[in-house]
Amino acid sequence: ELFYPRPTGLVLEGSDSTSDSSSFHSQMNTRRKQWEQHVEIGSQLILSLMDEKELLRITERDLALILSSIDTATSPGATSTTSPFMESSVYAACNNLVAALIQRFPKQLYTCCPSLIASVDNLFRHALWGSLQDTAAHSSIGSEDKTATTSTSKNNDIGDNMTTTMAVVNDRCQRIVRLTELLVPHRDVLKKHVLGMIHEFVTALQDPKFHPYRKQSLMPAIYNLLDMLTVHETQTLNAMMTSSSNTGKAMFKSVYENYQKIHKYKGQY
């Protein structure tokens with residue numbers, strides 16, 4: 001397997017020794033760094049093989065396995081109550097790989113839509129809720145983006161170290177915007193599969209912990225997803241909001257009205 005789950009720390013039992021704890025965290029940092037390099041190298045290898053059409057023919061089964069590996073590397077996706085940290089270089093590598101697959105193998109991906117959407121949804125949720133700082137190891141935004149490192153504060157809210165943290169949020173959200181743009185031409189096949197991401201976004205709007213800057217940065221991606229829907233899917237989504245809460249229905253109405261006013265008729269955000 002090219003990717004494997006991100007190493008996570010375990011609680012030390014039976015020892016209060018500071019040296020034992022320090023050694024444990026040092027080992028975890030090493031494992032995480034190795035994992036990060038493994039994912040980056042794996043993604044680059046796949047991208048290189050995709051260019052060698054005469055040497056290797058990538059089949060639908062291969063694509064499903066690659067997407068499964070990406071899903072493994074990006075799981076679990078972040079939620080309002082669980083915000084796992086993901087190294088920005090890993091996030092960039094997985095996002096770039098998914099984008100390349102959509103661009104080069106769109107028709108073949110139709111046979112594994114659930115796997116494709118699962119990978120996109122994980123990346124979307126890391127942009128929506130993901131922690132921007134790891135207490136064990138801090139990472140940079142990515143090798144191709146020479147920008148500031150993540151906040152060293154234990155508080156992951158955007159309010160701390162504002163400029164640096166906003167740069168990380170903006171980087172991830174822009175990647176998601178570009179990824180959703182690639183999905184739009186395939187609306188006929190994928191339109192039913194993107195409802196969950198829109199619902200997750202509207203649910204986040206109702207959470208007081210959801211920062212307005214994330215909302216602003218992700219809105220173009222939501223507009224791209226709304227572009228994919230027909231009247232039937234829009235009605236289904238509205239019914240989903242109604243069944244969840246009155247607040248959710250009002251939030252979705254506001255988002256949809258802005259979509260029609262700002263994006264749909266002007267053709268841009």
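**Exercise 1. Work out which residues join H2 to H5, and how the two helices run.**

Start with the contact: Leu-67, Ile-70, Asp-71 and Thr-74 in H2 meet Ser-115, Leu-116, Ala-118, Ser-119, Asn-122, Leu-123 and His-126 in H5. Contact here means heavy atoms within 4.5 Å, and helices are DSSP runs (H or I, at least four residues; strands are E, at least two), numbered from the N terminus.

A quick word on the ground rules: this is a predicted model, where local features need pLDDT of at least 70 and side-chain atom pairs count only at pLDDT 80 or more, while totals for chains, interfaces and linings use all residues. Residues are numbered from 1 along each chain as its sequence is written, and side-chain values use heavy atoms, with hydrogens and water left out.

Next, sort the contact by class: it has five nonpolar, five polar and one charged residues. Nonpolar covers Ala, Val, Leu, Ile, Met, Phe, Trp, Tyr, Cys and Pro, charged covers Asp, Glu, Lys and Arg, and the others, Gly among them, are polar.

Now the geometry. The axes of H2 and H5 come within 9 Å and cross at roughly 25°, so H2 is roughly parallel to H5. Axes are lines fitted to C-alpha atoms, for helices over the stretch in contact, with angles from 0 to 180 degrees between N-to-C directions. Under 35 degrees counts as roughly parallel, over 145 as roughly antiparallel, 65 to 115 as roughly perpendicular and the rest as oblique.

Last step: H2 passes H5 in a left-handed crossing. That is, the near helix is turned anticlockwise from the far one by less than a right angle; clockwise would be right-handed.

**Exercise 2. Follow Ile-70 and decide: buried or exposed?**

First, find Ile-70 in helix H2. Its relative accessibility is 0%, so Ile-70 counts as buried (under 20% relative accessible area; exposed is over 50%, partly exposed in between, with a 1.4 Å probe and protein chains only). Then look across to Ser-119: the two are 49 residues apart in sequence, yet 6.3 Å apart in space, C-alpha to C-alpha.

**Exercise 3. Describe how H2 packs on H3.**

Helix H2 (residues 60-74) and helix H3 (residues 88-104) pack at about 155°, with axes 11 Å apart. So H2 is roughly antiparallel to H3. From H2, the contact uses Leu-63, Ile-66, Leu-67, Ile-70, Ala-73 and Thr-74, and from H3, Cys-94, Leu-97, Val-98 and Leu-101. By class, that gives nine nonpolar, one polar and no charged residues.

**Exercise 4. Do the same for H5 and H8.**

Helix H5 (residues 113-128) meets helix H8 (residues 195-205) at an angle of about 15°, again with axes 11 Å apart, and the two are therefore roughly parallel. H5 passes H8 in a right-handed crossing. On the H5 side you'll find Val-120, Asp-121, Phe-124, Arg-125 and Leu-128; on the H8 side, Met-197, Glu-200, Phe-201 and Ala-204. The split is six nonpolar, no polar and three charged.

**Exercise 5. How many disulfides does a search of the whole structure find?**

It finds zero disulfides, counting pairs of cysteine sulfur atoms within 2.5 Å. Take Cys-113: the nearest cysteine sulfur, that of Cys-112, is 7.1 Å away. Cys-113 is buried, at 4% relative accessible area, and Cys-94 is buried too, at 1%.

**Exercise 6. Step back to the whole protein.**

Count the elements: eleven helices and zero strands. Of the 269 residues, 45% are buried. Finally, among contacts with a separation of 6 or more, 79% join residues 24 or more positions apart.
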